[in-house]
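Morning, everyone. Please look at the screen, and I'll walk you through the model.

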Amino acid sequence: LIKNGKVLNREVQLKIKNGEMMDVRFSAVKSVDAQGRFLGLTVVEDITEVKRAQKSLLESNEQYRKLIQGLPDVVTVTDIFGRIEYVSPNSRLLATQNNEGILVGSHILSWIQSNFHEAFLENIKKLIDGEQYVVGVYDFLTDAKPLHIEVRSTLIQDSQGKPKGYISILRDITKHKKAEDE
């Protein structure tokens with residue numbers, strides 16, 4: 001404070017009368033009046049609830065991250081234009097080497113055989129039109145061989161309720177489909 005005459009947005013914890021800790025953000029500015037007297041302005045803001053909410057959000061994010069990592073299926077997040085933004089670490093189940101790096105940034109339709117594109121796009125339109133979730137079975141293209149993948153998708157909306165993208169859970173049903181066909 002003495003060096004440059006101000007402290008802006010410094011966050012500290014203070015012990016209050018009842019012994020509890022309180023998170024605060026403070027700013028202080030030092031000045032001198034015409035008679036050379038020290039003047040100061042200090043603003044203190046209680047940010048305890050903000051800090052609690054941030055901690056809770058971090059814990060919740062960690063919980064969901066672990067949940068997704070533990071699923072036997074592949075989870076993808078795709079923007080409204082079909083570009084894959086996230087794929088869960090177990091994307092190797094789709095039988096392509098290093099899927100996570102290859103899938104992220106690519107368009108979802110580049111992984112679905114072309115004869116299934118129309119059905120996939122119809123399901124995405126249903127989501128945008130208000131259906132809570134849709135299910136489709138599509139043939140996915142991989143390094144090894146086509147896979148029959150069941151895709152369950154739900155819409156992601158922004159804070160104004162506008163479609164932002166969708167989350168999908170992909171399950172390899174190739175063995176089940178093969179047994180069904182025999």
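I'll take the sheets, then the core, then the pocket, then a few single residues. One caution before we start: this is a predicted model.

Let's begin with the three-stranded sheet. The sheet is open, and its strand order is E1-E2-E3. Pairing here is antiparallel. Which strands sit at the edges? They are E1, residues 6-15, and E3, residues 38-46. Each of these pairs on one side only. From one strand to the next, the twist averages 30°.

Now look at E2, which covers residues 21-32. Nine bridges join E2 to E3, and the two run antiparallel. To find one of the paired positions, go to Ser 27. Its bridge partner in E3 is Val 43.

A quick reminder for the newcomers. Strands of a sheet pair through backbone hydrogen bonds, and the pairing can be parallel or antiparallel.

On to the five-stranded sheet. This sheet is open too, with antiparallel pairing. Read the order as E5-E4-E8-E7-E6. Notice that the order in the sheet does not simply follow the numbering. The edges are E5, at 84-87, and E6, at 133-140. Both pair on one side only. Neighbouring strands are turned by 25° against each other on average, direction ignored.

Let's walk inward from the E6 edge. E6 meets E7, residues 147-157, through eight bridges. These two strands run antiparallel. Find Gly 136: its bridge partner in E7 is Val 151. Then find Tyr 138, which stands opposite Ile 149 in E7. Remember Tyr 138, please. We come back to this residue shortly.

Next comes E7 with E8. How many bridges hold this pair? Nine, again in the antiparallel sense. Thr 154 stands opposite Ile 167 in E8. The hairpin of E7 and E8 has five residues between the strands. There, Gly 161 takes a positive phi near 85°.

One helix belongs in this picture. Helix H3, residues 117-128, lies across E6, E7 and E8. H3 runs at about 165° to E6.

That leads us to the core. The largest nonpolar core has 21 residues. Which of them touch the most other members? Ile 108, Ile 112, Phe 120, Tyr 138 and Phe 140. At least two residues come from each of E5, H3, E6, E7 and E8. E7 gives the most, with four.

Back to Tyr 138, as promised. Set aside its neighbours within four places in sequence. Its contacts then include Ile 112, Phe 116, Ala 119, Phe 120 and Asn 123. They also include Leu 147, His 148, Ile 149 and Val 151. So two of our earlier names return: Ile 149 stands opposite Tyr 138, and Val 151 is the partner of Gly 136.

Now the largest pocket. Its volume is about 210 Å³. What lines it? Tyr 64, Leu 67, Ile 68, Leu 71, Val 75, Val 77, Thr 154, Ile 167 and Ile 169. You have met Thr 154 and Ile 167 already, as the pair facing each other across E7 and E8. Three elements give two or more residues to the lining: helix H1 at 48-70, strand E4 at 74-79, and E8. H1 gives the most, with three residues.

Let's finish with three single residues. Thr 76 is in strand E4. Is it buried or exposed? Thr 76 is buried, because its relative accessible area is 4%, and the cut-off for buried is under 20%. Not counting residues up to four places away, Thr 76 touches Tyr 86, Val 87, Tyr 166, Ile 167, Ser 168 and Leu 170.

Leu 8 is in strand E1. Leu 8 counts as exposed, because its relative accessibility is 53% and exposed means over 50%. Beyond residues up to four places away in sequence, Leu 8 touches Phe 26 and Ser 27. The C-alpha atoms of Leu 8 and Val 29 are separated by 8.2 Å, though the two are 21 residues apart along the chain.

Last, Asn 9, also found in E1. Asn 9 is exposed as well, with a relative accessible area of 54%. What is the sign of its phi? Positive, about 55°, although Asn 9 is not a glycine.

That's my tour. Thank you.

Key
Residues numbered from 1 in each chain as written. Predicted model: local features only at pLDDT ≥ 70, side-chain atom pairs only at ≥ 80, totals over all residues. Heavy atoms only, no water. Pairing = 2+ DSSP bridges. Axes fitted to C-alpha atoms, helices over the stretch in contact; angles between N-to-C directions. Contact = heavy atoms within 4.5 Å. Core = buried A, V, L, I, M, F, W, Y, C linked by side-chain atoms within 4.5 Å. Buried < 20%, exposed > 50% of the residue type's maximum accessible area, 1.4 Å probe, protein only. 1 Å grid on protein atoms, 1.4 Å probe; cavity = no way out; pocket = protein on both sides within 12 Å on 5 of 7 lines; lining within 4 Å. Points joined across faces, edges and corners; volume = space filled by probe spheres on them.
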